[in-house]
Amino acid sequence: MFFDRLLRHFLPVLLLVSCSVKEDRSACPCALILDLSGLPVSPVVLDVTGEGYAHTEVVHADTVLTLPVPKGDLAVSAVGGALADGEGSVRIPAGEEAPPLYLFYAVVPTLAEQVTIPVVLRKQFCTLELAFSGPPGYGPPFEVEVEGSVDGWLRDGSPAPGSFSRRLLPGDDGRAVLRLPRQGDDSLLMHIVFSDRIVRTFALGSYIAESGYDWSAPDLSDLTLHVDISVTSVTLSTDCWSRTEGIDVWI
């Protein structure tokens, strides 16, 4: 009887203490789970950075990584198809085309005990095919130069301002192919060059915009532009758009 009365007296006190005393887990790390499945390229360089924390890993195949990370905000980036510089951006050397870059970037809050992030790399380049045609013997060999104001990508995938220029010699089939980086405006130009002299310039960026191309799409699509040259005009067209401009005779 004595012990029964004692238990009834102290049980509420014991329950109150057990419910009010909790473990402080604010300093415990967060388990950051990174799901790298369906990689479009290999290898992929993964970077996780934050205040006082940095982790870099090269991933060669689909995998799921679990990293113990500090609580806060972390920048997670994954780059495939190109090499990033020390600041995480990718730049295109002068005279070269864009690399086949696939990129993921996100700022991830890691305040919970466990956070899962699907790391989906997005296609950051457009393969542009220029298909030239004209009447028989429509002109001597010429070169095509594409000029722009984006020379790569910043760490978050946004266009990096800088000078871009790539000169191409169309093949016997009249085709020239190059990769373009994601654009921030419609300033791309296309020059027709003969004997190192620009004989005609086209507002390539405006034509691409008129065709309905979306430079802000998560994954950039490829594009074929047909350039039909006659004695007095040039017709530029895609599958759903066409525009004709008069020209001075240069063929």
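In what order do the 5 strands of the open sheet stand, and is their pairing parallel or antiparallel?

## The open sheet

The order is S3-S2-S5-S7-S9, and the pairing is antiparallel. Strand S3 (53-59) and strand S9 (122-123) stand at the edges. Each has a single partner strand, so one side of each lacks a neighbour in the sheet. This is a predicted model.

Within this sheet, strand S2 (residues 44-50) pairs with strand S5 (residues 73-80). The two are antiparallel and share 6 bridges. One residue pair marks the register: Val48 has Val76 in S5 as its bridge partner. Strands of a sheet pair through backbone hydrogen bonds.

## Strand S17 and its partners

S17 pairs with strand S16 (residues 223-229) in the antiparallel sense, through 4 bridges. Here Asp228 is matched with Thr235 of S17.

S17 also pairs with strand S18 (residues 241-246). That pairing is antiparallel too, over 6 bridges. Ser237 stands opposite Ser242 in S18. S17 and S18 make a hairpin, with 2 residues between them.

## Burial of S17

How many of the 6 residues of strand S17 (residues 233-238) are buried? The count is 6 of the 6, so the strand is largely enclosed by the rest of the structure. Buried here means under 20% relative accessible area.

Both faces of S17 take part. Ser233, Thr235 and Ser237 point one way, and all are buried. Val234, Leu236 and Thr238 point the other way, and these are buried as well. Two residues of the first group also appear in the pairings: Thr235 is the partner of Asp228, and Ser237 faces Ser242.

Technical notes. Residues numbered from 1 in each chain as written. Predicted model: local features only at pLDDT ≥ 70, side-chain atom pairs only at ≥ 80, totals over all residues. Heavy atoms only, no water. Buried < 20%, exposed > 50% of the residue type's maximum accessible area, 1.4 Å probe, protein only. Pairing = 2+ DSSP bridges.
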